[in-house]
Amino acid sequence: MSVNPAKQTELESLLAISSGLNSEQGNERFKAIMHQLLSDLCQTIRKFDITDEEFWLAVNYLNELGERKEAALLAAGLGLEHYLDMRADEKEAAAGLDVGTPRTIEGPLYVAGAPLSKQFARMDDGSEAGEPMWLYGQVTDLQGQPVAGAIVDIWHANTLGGYSFFDQSQSEYHLRRRVETGADGRYAVRSIVPYGYGCPPDGPTQKLLNQLGRHGNRPAHVHFFVSAPGYKHLTTQINLNGDAYLWDDFAFATREELIADPVKITDDKLAKERDIHQPHTEVSFNFTLVESAQAGEENRIKRARVME
Ligand code: MBD
Ligand code: FE
């Protein structure tokens, strides 16, 4: 018997048909990606001789992930969201583009539409006995000139590492504010010092991390979107120096340029000027924005977000 050398194996033909390669309809890019993904998955099943029970455990895991809405949390924990940053950095470096303040992941806990004010906002509702935090800085361009009218969109966790909206015990938009910079490019907020986040211990992300022998903790951090007309949108975070998880973030977001030193303020006069009237922690962080070359760069990427 002679075998046609161009003949596909049974698996090749299965994968081609299941990813729609022989259909005129559908989306070409999507088909090609699905074909690669399915091929890689079948190779993994074969390589590890995955049992039926293991396979259905994995399928069911996806259901659990969806039920608990933790898919984006897992993407952060597996380092995939950070990998997108690595690729964006790499592309900028290859193109020889200027970079201002470095980017780092958005994470899964943003809520759009936080209250907007000019130059200053109070972020906490006073319900928590946390250490008051005075967070401030300046937004400038690459030449060091202030960027007026920049929107600094800030969000962070409370003293238990929880984020409002996702943690229903907090008031609406608690620890979420947008501040517009003045002519001097400056912003300032009064808030409370955040604690590090930990994955829900009973959730599917932590369950997977446990199997990897990994923890699900992040150092104390503050998230920012910084945007202004004519400048590239910046998604970033600062990590508070001194946190035990500073260089052991389960979501890989820490960068040397994004570490802020908390400073203890005991000067009564300064505390009074800030209307805090007690010892508190000061955190300062400046942002450098890069001019945009195309209009789309001014906006954050499209992604499903709460209230957006
Ligand atoms: C967070 O607060 C966070 O920023 C990320 C990336 C993942 C989980 C919780
Ligand atoms: Fe966070």
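Which element gives the most to the lining of the largest pocket? In this predicted model, that element is α5, which contributes nine residues to the lining. The largest pocket has a volume of about 1000 Å³, and 33 residues line it, with Asp85, Ala88, Glu92, Arg103 and His233 lying closest to its centre. The elements that each supply two or more residues to this lining are α5, spanning residues 80–94, and β8, spanning residues 234–240. When the lining of the largest pocket is sorted by class, 15 of its residues are charged, 11 are nonpolar and seven are polar.

The second largest pocket encloses about 650 Å³ of space. Its lining comprises 25 residues, and those nearest the centre are Arg68, Lys69, Pro108, Leu109 and Phe166. By class, this lining is made up of 14 nonpolar, seven charged and four polar residues.

Apart from these pockets, the structure contains one cavity of 30 Å³ or more. The largest cavity holds about 110 Å³ of space, and among the 15 residues of its lining, Gly107, Pro108, Leu109, Tyr197 and Arg218 are the closest to the centre. Two or more residues of this lining come from each of α4 (71–77) and β7 (221–227). The lining of the largest cavity has 10 nonpolar residues, together with three polar and two charged ones.

The space of the largest cavity is the space taken by ligand 1. The residues that surround ligand 1 are Leu73, Ile105, Gly107, Pro108, Leu109, Tyr163, Tyr197, Arg218, His221 and His223, a shell that divides by class into six nonpolar residues, three polar residues and one charged residue. Pro108 and Leu109 thus belong to the shell around ligand 1, and both are also listed among the residues nearest the centre of the second largest pocket.

Three side chains of the shell place polar atoms at short listed distances from ligand 1, beginning with Tyr163, in which a polar side-chain atom lies 2.9 Å from an oxygen atom of the ligand. For His221, an N or O atom of the side chain is 3.2 Å from an oxygen atom of ligand 1, while for His223 the corresponding separation between a polar side-chain atom and a ligand oxygen atom is 2.8 Å. Taken alone, ligand 1 exposes 260 Å², of which the protein buries 100%.

Definitions and conventions: Residues are numbered from 1 along each chain as its sequence is written. Chains are lettered from A and ligands numbered from 1 in the order in which they are written. This is a predicted model: local features need pLDDT of at least 70, side-chain atom pairs count only at pLDDT 80 or more; totals for chains, interfaces and linings use all residues. Side-chain values use heavy atoms; hydrogens and water are left out. A residue is near a molecule or strand if one of its heavy atoms lies within 4 Å of it. A polar contact is a pair of N or O atoms within 3.5 Å; within protein, one must be able to donate a hydrogen and the other to accept it, and residues adjacent in sequence count only if both atoms are side-chain atoms. Accessible areas come from the Shrake-Rupley method with a 1.4 Å probe; for residues, only the protein chains shown count as cover. On a 1 Å grid over the protein atoms alone, a cavity is a set of points where a 1.4 Å probe fits but cannot get out, and a pocket is an open set with protein on both sides within 12 Å along at least five of seven lines; lining residues have an atom within 4 Å of a point. A molecule sits in a cavity or pocket if more than half of its atoms lie within 2 Å of its grid points. Ala, Val, Leu, Ile, Met, Phe, Trp, Tyr, Cys and Pro count as nonpolar, Asp, Glu, Lys and Arg as charged, and the others, Gly among them, as polar. Grid points are joined across faces, edges and corners, and a volume is the space filled by probe spheres set on the points. Helices (H or I, at least four residues) and strands (E, at least two) are DSSP runs, numbered from the N terminus.
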